[in-house]
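Work through the exercises below with the sequence and the 3D view open. Try each task before reading its solution.

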Amino acid sequence: MKYLNLGCGHRFHPSWTNINFISTDQSVIAHDLKKGIPFPEQSFDIVYHSHMLEHLSKADAKIFMEECYRVLRPQGILRVVVPDLEQIARMYLHCLENACIGSEEWEQNYQWILLEMYDQTVRRKFGGEMVDFLSQQDIANREFVIKRCGVEIEKIINNSQKQSFLKTTPENNFKKFLKHIYRLLRYSNYRRQAVLKLILSPTELDALEIGQFRQSGEVHQWMYDHYSLSSLLKKCGLQEITKRTAHESYIPEWTSFNLDTEPDGSVYKPDSLYMESIKPVL
């Protein structure tokens with residue numbers, strides 16, 4: 001069977017064809033997926049993408065899903081994984097109701113779920129307010145956050161807290177100057193930004209930086225529940241549309257690839273919606 005993993009990031013299996021916007025490994029092909037999928041029609045038996053669709057606008061998402069359909073063989077399987085809007089919305093209401101009756105624990109959970117809902121959509125800087133929350137040395141609801149978002153968020157917590165600790169050690173001016181000179185000589189983009197700081201007003205520079213960040217691909221541009229994602233799959237011509245768990249799949253020996261699950265059987269991103277569908281024989 002031929003397998004295709006789109007927008008794989010650092011999560012891929014070596015026996016698959018893996019594509020990402022930038023290459024993250026020698027076995028990952030760099031390609032701008034907004035320009036289509038670089039393979040002929042009916043090239044793959046399995047097409048998979050995880051936590052990528054929500055980074056596309058609603059219009060671009062449909063075009064991308066039609067591309068997934070195009071490269072699938074008849075009877076091929078499309079597996080799509082996205083943040084589960086319904087799950088987040090239900091948890092938001094649960095947190096709100098309990099916070100309103102005075103629960104300190106659920107007030108903390110309420111703060112986190114708001115970040116899950118909105119920060120990834122409205123943020124203007126890398127990591128947004130989520131990173132600020134996760135960088136706290138003492139996160140009162142750490143277990144709640146990790147249970148919702150999985151091992152990836154646990155790694156972010158550990159790395160953010162480590163970075164936050166390192167920042168407490170002040171850097172002397174001479175060291176800052178040497179870093180500045182090194183970056184000017186080494187990185188063309190750094191030189192470009194330095195020039196822009198000289199010729200633009202602070203307001204113009206701020207607007208430019210926000211615009212560049214908003215187009216970087218980090219922010220969420222749309223969200224899906226099982227109803228809206230099913231509708232999108234149906235519009236693209238797919239059939240036998242089914243909601244799955246991280247462990248369930250039409251794909252034989254799915255969990256052996258460790259894309260949605262870890263080797264110990266735990267779920268990589270528990271806040272996800274997993275949907276599968278089949279390309280019909282026409």
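**Exercise 1: a pair in one helix**

Glu86 has a relative accessible area of 26%, so Glu86 is partly exposed (buried is under 20%, exposed over 50%, partly exposed in between, with a 1.4 Å probe and protein chains only). This is a predicted model, in which local features need pLDDT of at least 70, side-chain atom pairs count only at pLDDT 80 or more, and totals for chains, interfaces and linings use all residues. Residues are numbered from 1 along each chain as its sequence is written, and side-chain values use heavy atoms, with hydrogens and water left out.

Task: find the salt-bridge partner of Glu86.

Solution.
- Step 1. Apply the rule: a side-chain nitrogen of Lys or Arg lies within 4 Å of a carboxyl oxygen of Asp or Glu.
- Step 2. Arg90 fits, with its closest N and O atoms to Glu86 2.9 Å apart.
- Step 3. Place the pair. Both sit in helix H2 (residues 85–100), 4 residues apart, so about one helical turn separates Glu86 and Arg90. Helices (H or I, at least four residues) and strands (E, at least two) are DSSP runs, numbered from the N terminus.
- Step 4. Check Arg90: its relative accessibility is 58%, so Arg90 is exposed.

**Exercise 2: pairs far apart in sequence**

Task: state what the bridges of Lys269 and Glu276 tie together.

Solution.
- Step 1. Lys269 pairs with Glu152, and the closest N and O atoms are 2.9 Å apart.
- Step 2. Lys269 is in the loop between strand E6 (239–244) and E7, while Glu152 is in helix H6 (residues 151–167), so this bridge ties together parts 117 residues apart in sequence.
- Step 3. Lys269 is buried at 15%, whereas Glu152 is partly exposed at 29%.
- Step 4. Glu276 pairs with Arg79, and here the closest N and O atoms are 2.7 Å apart.
- Step 5. Glu276 belongs to strand E7 (residues 272–278) and Arg79 to strand E5 (residues 72–83), so parts 197 residues apart in sequence are joined.
- Step 6. Glu276 is buried, at 0%. Arg79 is buried too, at 0%.
- Step 7. Widen the view: Arg79, Arg244, Asp260 and Glu276 form a network of salt bridges. The count of salt bridges is 13.

**Exercise 3: two packed helices**

Task: describe how H7 packs on H8.

Solution.
- Step 1. Two packed helices are described by the angle between their axes and the distance between the axes.
- Step 2. For H7 (residues 173–186) and H8 (residues 188–199), the angle is about 110° and the axes are 6 Å apart. Axes are lines fitted to C-alpha atoms, for helices over the stretch in contact, and angles run from 0 to 180 degrees between N-to-C directions.
- Step 3. H7 is therefore roughly perpendicular to H8 (65 to 115 degrees; under 35 is roughly parallel, over 145 roughly antiparallel, the rest oblique).
- Step 4. List the contacts (heavy atoms within 4.5 Å). H7 gives His180, Arg183, Leu184, Leu185 and Arg186; H8 gives Ser188, Tyr190, Arg191 and Ala194.

**Exercise 4: cysteines**

Task: count the disulfides.

Solution.
- Step 1. Look for cysteine sulfur atoms within 2.5 Å of each other. The count is 0.
- Step 2. For Cys8, the nearest cysteine sulfur is that of Cys68, 14 Å away.
- Step 3. For Cys95, the nearest is that of Cys100, 11 Å away.
- Step 4. Cys8 is buried at 7%, and Cys95 is buried at 0%.
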